[in-house]
Amino acid sequence: MSDRRRLSSLSIALIVSLVANALLIGFLVGGQIGERDHRRHGPRGADHMIARGIQSIVPDEEREGIRDAFRDAFRSASGSWQEKRQARDDLVAALSSSRFDPAEVDRAFLAMRTADASLNETFQTTLSDQIAALSPEQRAELVAWLEEVEARRAEARAERFERRGGGREGRDGPPPR
């Protein structure tokens, strides 16, 4: 009977180890893909889309000043970037530890969220300042630009949906869950 318990404990430990290793590999591969995508296509998200919109509507002579403001904001947030990298390293260490501790994973995720919140605040403050500097006409042009971009995205999503056989016509039964 004691052999079964040892085997059972060993089996559980092996399963936990396999899961932790799979998560670690997924995290590392996903992080590499995300970083590669970020370098190739630039930052993602609504805030970054607004920043791109501002740069697309202002006269050429104003663009460098806007770029400088964002560059300065990112430089001033270097501590938050370092905290985020450290939190990511801590997460990898917690996942790869031979004694898995969910509390360590939770702490690493909390540190990542805290760093992300600080980075978002820095970027959004700069973004708000740049929007406030726009004329009413430029703000209206920014809104039109953002609506146009969103319409193109919605159209592209609809096309992808259709290419994947997204319509219900010709299908039997309920949609997949």
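Author: Helices here are DSSP runs of at least four residues, numbered from the N terminus, and they are described as they appear in a predicted model.

Reader: How do you know which helix supplies the largest share of the lining of the largest cavity?

Author: The lining consists of Ala 73, Phe 74, Ala 77, Leu 119, Thr 122 and Phe 123, and both α3 (60-76) and α5 (102-132) supply at least two of these residues. Leu 119, Thr 122 and Phe 123 have numbers that fall within 102-132, and with these three residues α5 provides the largest share.

Reader: What makes this space count among the cavities of 30 Å³ or more, and how many of them are there?

Author: The structure holds one cavity that reaches the cut-off of 30 Å³ or more, and the space inside the largest cavity comes to about 30 Å³.

Reader: How do you know whether the lining residues are nonpolar, polar or charged?

Author: Ala, Leu and Phe count as nonpolar, whereas Thr counts as polar, and the lining accordingly divides into five nonpolar residues, one polar residue and no charged ones.

Reader: Why is α2 called oblique to α6?

Author: Helix α2 (residues 46-57) and helix α6 (residues 136-163) have axes that come within 9 Å and cross at roughly 125°. Because this angle is neither under 35 degrees, nor over 145, nor in the range 65 to 115, it belongs to the remaining class, and α2 is therefore oblique to α6. The crossing in which α2 passes α6 is right-handed.

Reader: What makes up the contact of α2 with α6?

Author: From α2 come Met 49, Ile 50, Arg 52, Gly 53, Ile 54, Ser 56 and Ile 57, while α6 brings Gln 138, Glu 141, Leu 142, Trp 145, Leu 146, Val 149 and Arg 153. Sorted by class, the residues of this contact are eight nonpolar, three polar and three charged; Gly 53 is one of the polar residues, since Gly is placed in that class by definition.

Reader: How are α2 and α3 oriented to each other, and how do you know?

Author: The axes of α2 and α3 come within 9 Å and cross at roughly 155°. Since this angle is over 145, the cut-off for the class, the two helices are therefore roughly antiparallel to each other. Their crossing is left-handed.

Reader: Which residues of α2 and α3 meet?

Author: His 48, Ala 51, Ile 54, Gln 55 and Ser 56 of α2 meet Arg 63, Ile 66, Arg 67, Phe 70 and Phe 74 of α3. This contact has five nonpolar, three polar and two charged residues. Ile 54 and Ser 56 take part in the contact with α6 as well, and Phe 74 also lines the largest cavity.

Definitions and conventions:
Residues numbered from 1 in each chain as written. Predicted model: local features only at pLDDT ≥ 70, side-chain atom pairs only at ≥ 80, totals over all residues. Heavy atoms only, no water. Axes fitted to C-alpha atoms, helices over the stretch in contact; angles between N-to-C directions. Left-handed = near helix turned anticlockwise from the far one by under 90°. Contact = heavy atoms within 4.5 Å. 1 Å grid on protein atoms, 1.4 Å probe; cavity = no way out; pocket = protein on both sides within 12 Å on 5 of 7 lines; lining within 4 Å. Points joined across faces, edges and corners; volume = space filled by probe spheres on them.
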